[in-house]
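Here is a short briefing to read with the model open beside you. It starts with the overall fold and then moves to single residues.

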Amino acid sequence: MCPSLQLLLAQWKASCSSEGDQLLYSWTLNGDSLMNGNSSIDLDEGTDGNITCSVKNHVSHGQTTINVKPCT
């Protein structure tokens, strides 16, 4: 399982997608838990750091991380 992570800056939203059944998503920002369960999250304009999406199911698991910097 290799999730892909998309950052939509116009909407300040991060979206994660993966293939498989009964997927469970979790999110962290700089190692701190943000939320669980959804494939996308809304971000604050000032979000700064590493956003990680983790996906797992009964067969496999995977994660991907991107670095986000606020617009200046």
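Seven strands and zero helices make up the secondary structure of this protein, and the model shown is a predicted one. Read from the N terminus, the elements run β-β-β-β-β-β-β. The tour below goes from the sheet to the core, and then on to three loop residues.

**The protein as a whole**

- The protein has 72 residues, and 29% of them count as buried.
- About 4,700 Å² of the protein is exposed, with carbon and sulfur atoms supplying 45% of that area.
- If you look at contacts between residues at least 6 apart in sequence, 45% of them join residues at least 24 apart.

**The four-stranded sheet**

- Four strands form an open sheet in the order S4-S3-S6-S7, and their pairing is antiparallel.
- S4 (32–36) and S7 (61–68) are the edge strands, each pairing on one side only.
- From one strand to the next, the twist averages 20 degrees.
- As a reminder, strands of a sheet pair through backbone hydrogen bonds, in either a parallel or an antiparallel way.

**Pairings to trace, strand by strand**

- S3 and S4 are joined by four bridges in the antiparallel sense.
- Within this pairing, Ser 26 stands opposite Asn 36 in S4, and Thr 28 has Ser 33 of S4 as its bridge partner.
- The hairpin of S3 and S4 has two residues between the strands, and Asn 30 there takes a positive phi near 55 degrees.
- S3 also pairs with S6, again in the antiparallel sense, over six bridges; here Leu 29 is opposite Ile 51 in S6.
- S6 and S7 run antiparallel and are joined by eight bridges, with Val 55 opposite Gly 62 in S7.
- Four residues lie between S6 and S7 in the hairpin that these strands form.

**The nonpolar core**

- Which residues make up the largest nonpolar core? It has 12 members: Trp 12, Ala 14, Cys 16, Leu 23, Tyr 25, Trp 27, Ile 41, Leu 43, Ile 51, Cys 53, Val 55 and Val 68.
- S2 (13–17), S3 (24–29) and S6 each supply at least two residues of this core.
- S6 gives the most to the core, with three residues.
- A general point helps when you view the strands: in a regular strand, side chains alternate between the two faces of the sheet.
- Two core members have already come up in the pairings: Ile 51 and Val 55 belong to this core, where Ile 51 is the residue across from Leu 29 and Val 55 is the one across from Gly 62.

**Asn 57, in the loop between S6 and S7**

- Asn 57 is found in the loop that links S6 and S7.
- Is Asn 57 buried or exposed? Asn 57 counts as buried because its relative accessible area is 16%, under the 20% cut-off.
- The side chain of Asn 57 has a polar atom 3.1 Å from the backbone oxygen of Asp 21.
- The side chain of Asn 57 also reaches the backbone nitrogen of Ser 60, at 2.9 Å.

**Asp 48 and Glu 45, in the loop between S5 and S6**

- Asp 48 sits in the loop between S5 (40–42) and S6 (49–56), and Glu 45 has its place in the loop between S5 and S6 too.
- Asp 48 has a relative accessible area of 38%, so it is partly exposed, a label for values between the 20% and 50% cut-offs.
- Glu 45 counts as exposed because its relative accessibility is 62%, over the 50% cut-off.
- Leaving out residues up to four places away in sequence, Asp 48 touches Leu 29, Asn 30, Val 68, Lys 69 and Pro 70.
- Lys 69 is 21 residues from Asp 48 along the chain, yet their C-alpha atoms are separated by 4.7 Å.
- With the sequence neighbours up to four places away again set aside, Glu 45 touches Trp 12 and Pro 70.
- Glu 45 and Trp 12 are 33 residues apart in sequence, and their C-alpha atoms are 6.5 Å apart in space.
- Pro 70 appears in both contact lists, touching Asp 48 as well as Glu 45.
- Core residues are among these contacts: Trp 12 and Val 68 belong to the largest nonpolar core, with Trp 12 touched by Glu 45 and Val 68 by Asp 48.

Terms used. Residues numbered from 1 in each chain as written. Predicted model: local features only at pLDDT ≥ 70, side-chain atom pairs only at ≥ 80, totals over all residues. Heavy atoms only, no water. Buried < 20%, exposed > 50% of the residue type's maximum accessible area, 1.4 Å probe, protein only. Contact = heavy atoms within 4.5 Å. Core = buried A, V, L, I, M, F, W, Y, C linked by side-chain atoms within 4.5 Å. Areas by Shrake-Rupley, 256 points an atom, 1.4 Å probe, with all protein chains shown as cover. Pairing = 2+ DSSP bridges. Axes fitted to C-alpha atoms, helices over the stretch in contact; angles between N-to-C directions. Polar contact = N/O pair within 3.5 Å; in protein donor to acceptor, adjacent residues only side chain to side chain.
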